[in-house]
Amino acid sequence: MSTYANVSNPPGAMMPLAGVMAEPFPSPAASIRSAMEALQAAAADPPKDEEALRRLVQMPRPWDPATCRGRTRREIWAWLDAVALWINTQHLWNVNRPGIPECWPAHPHLVHDLAVLACSRYYTSFAVTPDSLEDWHRYALAGFLERLRDRLGDGCQPGRHQPRPRRERDVAHGADAVRCGRDERYADDVICAGGPEPHVTFDGRRGGGLT
């Protein structure tokens, strides 16, 4: 919740008095924090046995919402909504950059990008120097805003969601006849390439032997 207050300006004030000058980054819910901290611990000390590795693979990744279910998924949407408003109010000023529109849930590209941006910003809270936060400002946030401007352009002004302009192309891409043609091309490529199937080890790496 915003802590901005309606405060009248004293005579001769150079700028408006508007409460706190920096809003804190929205904190994720407990289920999201638990998942991210467990994954961070696994990155620092990877599990050794196969069963622990299997559990790690099955853990939800909050930066990839498609891997989340139930309570965690529900809480991710609430958190990302708060993060979107925080980015718009704390990191944007001029309208030259469109900002995150209120219809962001209708934009898959924004859903994916915003989740990564939010999680990477949360991880900076564990840092003991400002370097990772500087990198987030300089690279992660700047890259996100640049992609947002490229993909949205002037679309989705306040209160006016714009249907996806490339929908017709995506429908054509997924048409049955076109998909069948691609499948035939893939099969022909495999036949023409020839050779035996490579041996694959348990962790998915290509080995030198043949099965």
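# A walk through the chain from Leu114

Leaving out neighbours up to four places away in sequence, Leu114 is in contact with seven named residues: Leu80, Val83, Ala84, Ile87, Ile100, Trp104 and Phe144. This starting point belongs to a predicted model, and the account below moves from Leu114 to the core, then to the chain as a whole, the pocket, and a few single residues.

Leu114 is among the residues with the most contacts inside the largest nonpolar core, a group that also includes Trp79, Leu80, Ile87, Ile100, Trp104 and Phe144. The core has 30 residues in total. Helix H1 (30–44), H3, H4 and helix H5 (131–152) each supply at least two of the residues of this core. The greatest contribution comes from H4, with eight residues.

The protein chain as a whole contains seven helices and two strands. Read along the sequence, their order is α-α-α-α-α-α-α-β-β, with the two strands following the helices. The chain has 211 residues, and 24% of them count as buried. Its accessible surface comes to about 15,000 Å², and carbon and sulfur atoms account for 57% of that area. Taking contacts between residues at least 6 apart in sequence, 59% join residues at least 24 apart.

One such separation along the chain can be followed from Ala82, which lies in helix H3. The C-alpha atom of Ala82 is 9.0 Å from that of Phe25, although the two residues are 57 residues apart along the chain. Ala82 counts as partly exposed because its relative accessibility is 34%, a value between the limits of 20% and 50%.

The largest pocket holds about 450 Å³ of space. Its lining is made up of 22 residues, and those nearest the centre of the pocket are Asn88, Pro98, Gly99, Ile100 and Pro158. Ile100 is thus named both here and among the residues with the most contacts inside the nonpolar core. Helix H3 (residues 70–91) gives the most to the lining, with four residues. By type, the lining divides into 12 nonpolar, six polar and four charged residues.

Several loop residues are also buried, and three of them are described here. His107 is in the loop between H3 and helix H4 (108–123). It counts as buried because its relative accessibility is 8%, under the limit of 20%. Apart from residues up to four places away in sequence, His107 touches Leu152, Cys156 and His161.

Cys156, one of the residues that His107 touches, is placed in the loop between H5 and helix H6 (167–173). With a relative accessible area of 9%, Cys156 is buried too. The backbone of Cys156 has a phi near 55°, a positive value in a residue other than glycine. Most residues other than glycine have a negative phi.

The third residue, Thr124, lies in the loop between H4 and H5. A relative accessible area of 11% is the reason why Thr124 is buried. Not counting residues up to four places away in sequence, Thr124 touches Ser132, Leu133 and Trp136.

Definitions and conventions. Residues are numbered from 1 along each chain as its sequence is written. This is a predicted model: local features need pLDDT of at least 70, side-chain atom pairs count only at pLDDT 80 or more; totals for chains, interfaces and linings use all residues. Side-chain values use heavy atoms; hydrogens and water are left out. On a 1 Å grid over the protein atoms alone, a cavity is a set of points where a 1.4 Å probe fits but cannot get out, and a pocket is an open set with protein on both sides within 12 Å along at least five of seven lines; lining residues have an atom within 4 Å of a point. Grid points are joined across faces, edges and corners, and a volume is the space filled by probe spheres set on the points. Ala, Val, Leu, Ile, Met, Phe, Trp, Tyr, Cys and Pro count as nonpolar, Asp, Glu, Lys and Arg as charged, and the others, Gly among them, as polar. Buried means under 20% relative accessible area, exposed over 50%, partly exposed in between (1.4 Å probe, protein chains only). Contact means heavy atoms within 4.5 Å. Accessible areas come from the Shrake-Rupley method with a 1.4 Å probe; for residues, only the protein chains shown count as cover. A nonpolar core is a set of buried Ala, Val, Leu, Ile, Met, Phe, Trp, Tyr and Cys residues joined through side-chain atoms within 4.5 Å.
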